[in-house]
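The following exchange asks how terms applied to a structural model are justified. Each reply sets a value against the criterion behind the term.

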2 protein chains.
Amino acid sequence: MVKVAVFGYGTVGSGVVEVIEKNKEQVSKKAGEEIEVAYILDLREFPGDPYEAKVVHDVNVILEDPEVKIVCETMGGTTFAYNYTKAALEKGKSVCTSNKEMVAKFGPEMLKLAREHGCNYLFEASVGGGIPIIRPLNDCLTAEKVEAITGILNGTTNYILTKMEREGADFDKVLARAQEKGYAERNPEADVEGYDACRKIAILSSLMMGKNVDFEKIPTEGITKIVPEDFDYAKAAGRTIKLLARAKVIDDNTLEAMVSPVMLDKENPLAMVSMVFNAILVKGNMLGEAMFYGKGAGKLATASAVVGDVIDCVRHLGKEIPCFWDAEEATILDAGKHSYAYYIRAKKSAKEVLGAVLPGGEIMELPGRDEDLAYFTQPMKQDAFEKVLEGLGDLVLGTIRLG
Amino acid sequence: MVKVAVFGYGTVGSGVVEVIEKNKEQVSKKAGEEIEVAYILDLREFPGDPYEAKVVHDVNVILEDPEVKIVCETMGGTTFAYNYTKAALEKGKSVCTSNKEMVAKFGPEMLKLAREHGCNYLFEASVGGGIPIIRPLNDCLTAEKVEAITGILNGTTNYILTKMEREGADFDKVLARAQEKGYAERNPEADVEGYDACRKIAILSSLMMGKNVDFEKIPTEGITKIVPEDFDYAKAAGRTIKLLARAKVIDDNTLEAMVSPVMLDKENPLAMVSMVFNAILVKGNMLGEAMFYGKGAGKLATASAVVGDVIDCVRHLGKEIPCFWDAEEATILDAGKHSYAYYIRAKKSAKEVLGAVLPGGEIMELPGRDEDLAYFTQPMKQDAFEKVLEGLGDLVLGTIRLG
């Protein structure tokens with residue numbers, strides 16, 4: 001019997017309790033021991049909840065109980081989670097978390113603490129919800145030099161883009177409906193501005209590099225500027241538009257990373273990932289490409305990943321599960337130095353000048369569209385591209401990177 | 001330093017040596033120790049090969065060397081592989097294999113031997129080439145009750161079907177070209193008749209059930225009867241045709257499994273898996289669906305999976321890596337009891353009788369096709385369907401299950 005505590009009885013935390021209960025037999029069999037939720041830490045009371053009696057408000061009750069070997073941190077944020085995670089690890093309790101803010105910001109610190117105190121810090125649920133991706137990177141593709149990771153890492157934005165494409169609807173309208181349905185938060189900034197995807201690609205690329213990738217240094221653009229017209233041109237070009245989080249190893253110390261909308265060729269396996277689904281494409285030097293696909297969020301899927309980590313902790317009580325993520329900072333390439341081909345939506349009157357200032361590109365005009373046209377450039381450095389854009393002024397209505 | 005031996009210096013075996021050499025730094029780092037190929041067992045000589053000096057012809061040289069802790073079995077077949085694997089495990093040497101015949105036929109026996117001798121029997125490379133799927137099932141989705149696994153597990157047949165669809169070409173022609181290009185074997189039976197996919201789904205469903213699934217009992221149909229006309233109707237119905245290996249848990253002891261062509265709705269994530277790619281869709285009771293996608297074969301991808309297993313063995317020298325696959329046989333549902341909806345291609349003259357003997361279905365007639373039509377039935381038991389087919393005699397030109 002191994003005792004577990006859950007920090008935070010919200011969506012994922014209650015899901016963790018539910019998974020342990022509903023799949024009790026399976027979980028015990030796979031762990032080799034029975035797993036019992038001994039405590040639930042939350043500021044609130046839960047009168048009538050079947051686990052009411054397990055709820056405590058004082059973290060020290062849990063920290064001081066030597067029988068608790070594993071903590072599930074499903075609080076979110078870093079205010080309390082940082083101190084509590086640290087305290088648990090210092091007591092030699094393994095921590096399994098779904099908290100991407102914590103992992104992106106304090107991953108190496110927590111991993112080091114875990115190593116020093118003979119326990120583990122696992123975070124499968126922090127990226128891709130229930131999709132296995134952290135453990136595949138850490139434990140499966142170990143013989144690979146992983147060279148690039150590209151992902152659709154945010155279900156909300158993928159849902160919005162899919163709906164915009166299928167219904168020809170505006171961003172604002174689709175967002176409003178997504179909010180009604182609970183697919184988007186009341187305050188959608190973290191999703192639609194790409195911040196959520198940014199933290200997740202920072203975690204994945206830290207594991208790829210074995211060094212710390214500071215999420216704050218990753219150039220990040222959201223999807224708020226995408227308009228239905230962009231999908232018309234995308235469709236005509238055999239493309240779709242996705243919010244991609246991309247990271248590519250330049251050398252042992254340097255990473256090219258970016259979160260931005262990409263007008264993606266339909267042949268790319270990520271192009272068919274629609275609605276709330278996530279997918280992560282991993283490129284290895286031996287393997288070629290492998291893709292991991294599924295629902296990237298959801299209470300039970302995410303909780304299942306946390307409990308999978310708990311099982312791994314039980315299997316490795318007192319033993320270190322290797323995770324290569326040093327505190328040393330990886331260098332992140334300046335956005336201006338990235339090289340992409342671009343889609344430009346411009347006023348009709350820009351037709352001649354576009355070919356002149358961005359030679360070698362292709363004009364696309366669609367029947368029935370009298371106001372604008374599209375121009376597909378050759379690959380070029382972002383800073384050079386931005387200079388050209390400045391010169392074009394308000395002739396340009398929008399731009400999206402090609403991929 | 002951990003010494004490794006490679007049994008069989010063919011495509012995968014030489015790939016294993018190449019991966020260990022090319023990714024030496026990465027492999028050592030992830031394993032925590034340097035890995036050295038100490039011996040290569042093969043009947044042949046390899047004059048001029050850089051590893052010529054490592055080649056031995058007598059397995060006992062390896063078995064008697066206590067420094068060899070891990071063996072990569074990349075021989076294929078079971079004639080020699082069975083005895084050699086057994087002997088290695090009995091000596092306490094872990095075995096990492098890409099040999100699906102061995103795993104499908106002797107998996108539980110080898111796993112038991114490994115447990116008894118304090119070593120491991122790992123087989124990530126036996127299904128899906130370089131795509132991580134065995135370890136995700138064993139070590140990632142541990143909190144899930146996996147309820148169903150559906151896969152495109154054979155790259156050759158997927159290539160042939162993709163080409164037939166895209167080019168409207170006959171099976172025989174596409175096969176001949178695939179053979180020229182090396183995408184299909186000279187003797188293609190194991191691929192095109194579904195035997196290869198059958199062994200792979202037997203392995204995956206054994207892990208899903210925790211019991212042994214006898215591949216010889218899985219109803220298996222190949223793709224040789226598919227004609228270009230079937231793709232015309234599939235396209236018109238928003239479908240495509242794939243060779244699917246499917247397994248579904250009925251209860252703790254009973255499995256519904258089948259390998260057969262399926263006319264698949266385009267919305268199914270497996271529908272977009274084309275050319276030589278493989279994909280495995282796993283359905284868990286908490287997770288919903290997750291998919292694992294990539295090249296299912298290829299020298300270096302497969303070898304990379306074997307070396308990933310080697311690294312796991314090094315990390316767990318003297319410790320058991322859990323794998324739940326008992327010798328107890330799972331019951332496999334009779335094919336006749338499976339329930340599917342069917343596509344029927346029939347002579348035009350069958351139009352009236354089809355609706356009468358298979359009520360509730362839908363007729364599809366395509367402009368320009370005067371000889372045949374398609375009929376899409378309601379779901380029904382296979383034995384009932386077969387009885388109806390008998391009555392229809394040569395009015396029926398072909399049938400494919402819907403999915």
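**Strand pairing, burial and symmetry**

In β2(B), the residue that bridges to F7(B) is L41(B). This pairing belongs to a predicted model.

Q: What makes β1(B) and β2(B) a pair of strands, and in which sense do they run?
A: Pairing requires at least two bridges between two strands. Six bridges join β1(B) to β2 (residues 35-41) of chain B, and the two strands run parallel. The criterion is therefore met.

Q: What makes β1(B) and β4(B) a pair?
A: Five bridges join β1(B) to strand β4 (residues 68-73) of chain B, in the parallel sense. One of the matched positions is K3(B), whose bridge partner in β4(B) is V68(B).

Q: Why is β1(B) described as largely enclosed by the rest of the structure?
A: A residue is buried if 20 or more other C-beta atoms lie within 10 Å of its own. Five of the six residues of β1 (residues 2-7) of chain B are buried, so the strand is largely enclosed.

Q: Why are β3(B) and β6(B) called edge strands?
A: The open sheet of six strands in chain B has the order β3-β2-β1-β4-β5-β6, with parallel pairing. Within this sheet, β3 (55-56) and β6 (121-122) of chain B each pair on one side only, and they are the edge strands.

Q: How do you know that β5(B) and β6(B) count as paired?
A: The threshold is at least two bridges. Strand β5 (residues 94-97) of chain B and β6(B) are joined over two bridges in the parallel sense, so the threshold is satisfied. C96(B) stands opposite L122(B) in β6(B).

Q: Why is β10(B) also described as largely enclosed?
A: Seven of the eight residues of β10 (residues 277-284) of chain B are buried, so the rest of the structure largely encloses this strand.

Q: Which strands pair with β10(B), and in which sense?
A: Strand β7 (residues 146-152) of chain B pairs with β10(B) in the antiparallel sense over six bridges. In that pairing, G151(B) has I280(B) as its bridge partner. β10(B) and β11(B) are likewise antiparallel, over eight bridges; there A279(B) is matched with Y293(B). A hairpin of three residues joins β10(B) to β11(B).

Q: Why is L89(A) called buried?
A: The cut-off is 20 or more other C-beta atoms within 10 Å. L89(A), in helix α4 (residues 79-90) of chain A, has 25 such atoms and is therefore buried. Beyond four places in sequence, L89(A) touches residues including V95(A), M110(A) and L113(A).

Q: Why is G32(A) called partly exposed?
A: A residue is exposed at 12 or fewer C-beta neighbours and buried at 20 or more. G32(A) has 13 inside 10 Å, so it falls in between and counts as partly exposed. G32(A) lies in the loop between α2 (24-31) and β2 (35-41) of chain A. Leaving aside neighbours within four places in sequence, its contacts are V314(A), R315(A) and P322(B).

Q: What makes the two chains a contacting pair, and which elements of chain A take part?
A: Residues are in contact when their C-beta atoms lie within 7 Å. By this test, 43 residues of chain A are in contact with 43 residues of chain B. The elements giving two or more residues on the chain A side are α2, α6 (134-140), β11 (288-295) and α12 (299-315) of chain A. α12(A) gives the most, with nine residues. By class, this side has 23 nonpolar, 10 polar and 10 charged residues.

Q: How do you know that strands pair across the two chains?
A: Five bridges join β11(A) to β11 (residues 288-295) of chain B in the antiparallel sense. G294(A), for instance, has A290(B) as its bridge partner.

Q: Why are the two copies said to be related as by a two-fold rotation axis?
A: Chain A can be laid on chain B with an RMSD of 0.0 Å by a turn of 180° and a shift of 0.0 Å along the axis. The two copies are thus related as by a two-fold rotation axis. Of the residues of chain A, F292(A) comes closest to that axis, at 2.5 Å (C-alpha). The same surface serves both copies, since 100% of the contact residues of chain A recur in chain B.

Notes
Residues numbered from 1 in each chain as written. Chains lettered and ligands numbered in written order. Predicted model: local features only at pLDDT ≥ 70, side-chain atom pairs only at ≥ 80, totals over all residues. Helix = DSSP H or I, 4+ residues; strand = E, 2+ residues; numbered from the N terminus. Nonpolar A, V, L, I, M, F, W, Y, C, P; charged D, E, K, R; others polar. Least-squares fit on C-alpha atoms with pLDDT ≥ 70 in both.
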